Amino acid sequence: MKDSKGRMRRVRKRYVDVVARMREDGSMEPLSVAWRDGRSFRVTEVVEAGEFRPGSDGYFTARYRIRIGNRRTSLYLEQRLNRPETGMPPTVRWWVHEFE
């Protein structure tokens, strides 16, 4: 994947803590993202809130295009439905692409 400077770099999925507002219509608005080292970044604008799309293994993912300061990036909300045949409980988690 290309970074903000156009260089090709390896990326991986990194789960992050997110403070979000649940609106009365059921939509979610991310307010801040906390990195694993304790730094927190306020979301200054939600440019686009995507809809959930089916993925593999029972996952659905929605992409939020956000702005943190002057930088635009993507934040993903992943939902896994209850799958009794595997014994896996339902989960909802936020993640970002982390460059290596």
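Modeller: Residues under 20% relative accessible area are buried, those over 50% are exposed, and partly exposed ones fall in between (1.4 Å probe, protein chains only). This is a predicted model, where local features need pLDDT of at least 70 and side-chain atom pairs pLDDT 80 or more, while totals for chains, interfaces and linings use all residues. Numbering starts from 1 along each chain as its sequence is written, and side-chain values use heavy atoms, leaving out hydrogens and water.

Biologist: Fine, let's start with E29: is it buried, exposed or partly exposed?
Modeller: E29 has its side chain in a salt bridge with R21 (3.1 Å, N to O); that term asks for a side-chain nitrogen of Lys or Arg within 4 Å of a carboxyl oxygen of Asp or Glu. On the R21 side, a relative accessibility of 37% makes that residue partly exposed. For E29 the figure is 22%, so the label is partly exposed.

Biologist: And what are the elements of the chain, from the N terminus on?
Modeller: Helices (H or I, at least four residues) and strands (E, at least two) are DSSP runs, numbered from the N terminus. By that rule the chain has 0 helices and 8 strands. Read in order, that gives β-β-β-β-β-β-β-β.

Biologist: How big a box do the C-alpha atoms fill along the principal axes?
Modeller: The chain has 100 residues, and 21% of them are buried. Taken along the principal axes, the box is roughly 45 × 35 × 25 Å.

Biologist: How many salt bridges does the structure hold?
Modeller: Side chains of opposite charge can pair when their charged atoms come close. Here some of the pairing goes beyond couples, with R12, R14, R36 and E98 linked in a network of salt bridges. For the structure, the count is 10.

Biologist: How many residues apart are R67 and E45?
Modeller: R67 and E45 form a salt bridge, with their closest N and O atoms 3.0 Å apart. The pair ties together distant parts of the chain, as R67 is in strand β6 and E45 in strand β4 (residues 45-49), and their separation in residues is 22.

Biologist: Are R67 and E45 buried, exposed or partly exposed?
Modeller: R67 has a relative accessibility of 26%, so it counts as partly exposed. E45 has a relative accessible area of 33%, so this residue too is partly exposed.

Biologist: What about E78: buried or exposed?
Modeller: The side chain of E78 meets that of R93 in a salt bridge (3.8 Å, N to O). That pair joins strand β7 (residues 71-80), home of E78, to strand β8 (residues 91-99), home of R93, across 15 residues. R93 is partly exposed, given its relative accessible area of 34%. E78 is at 2% relative accessibility, so the verdict is buried.

Biologist: Which residues is Y15 in contact with, leaving aside its neighbours within four places in sequence?
Modeller: Y15 sits in strand β1 (residues 11-22) and is partly exposed because its relative accessibility is 31%. Contact means heavy atoms within 4.5 Å. Outside those neighbours, the partners of Y15 are E78, R93, W94 and W95.

Biologist: What separates the C-alpha atoms of Y15 and V92?
Modeller: Consider the contacts in the chain between residues at least 6 apart in sequence: 32% of them join residues at least 24 apart. Y15 and V92 are 77 residues apart along the chain, and their C-alpha atoms are separated by 11 Å.
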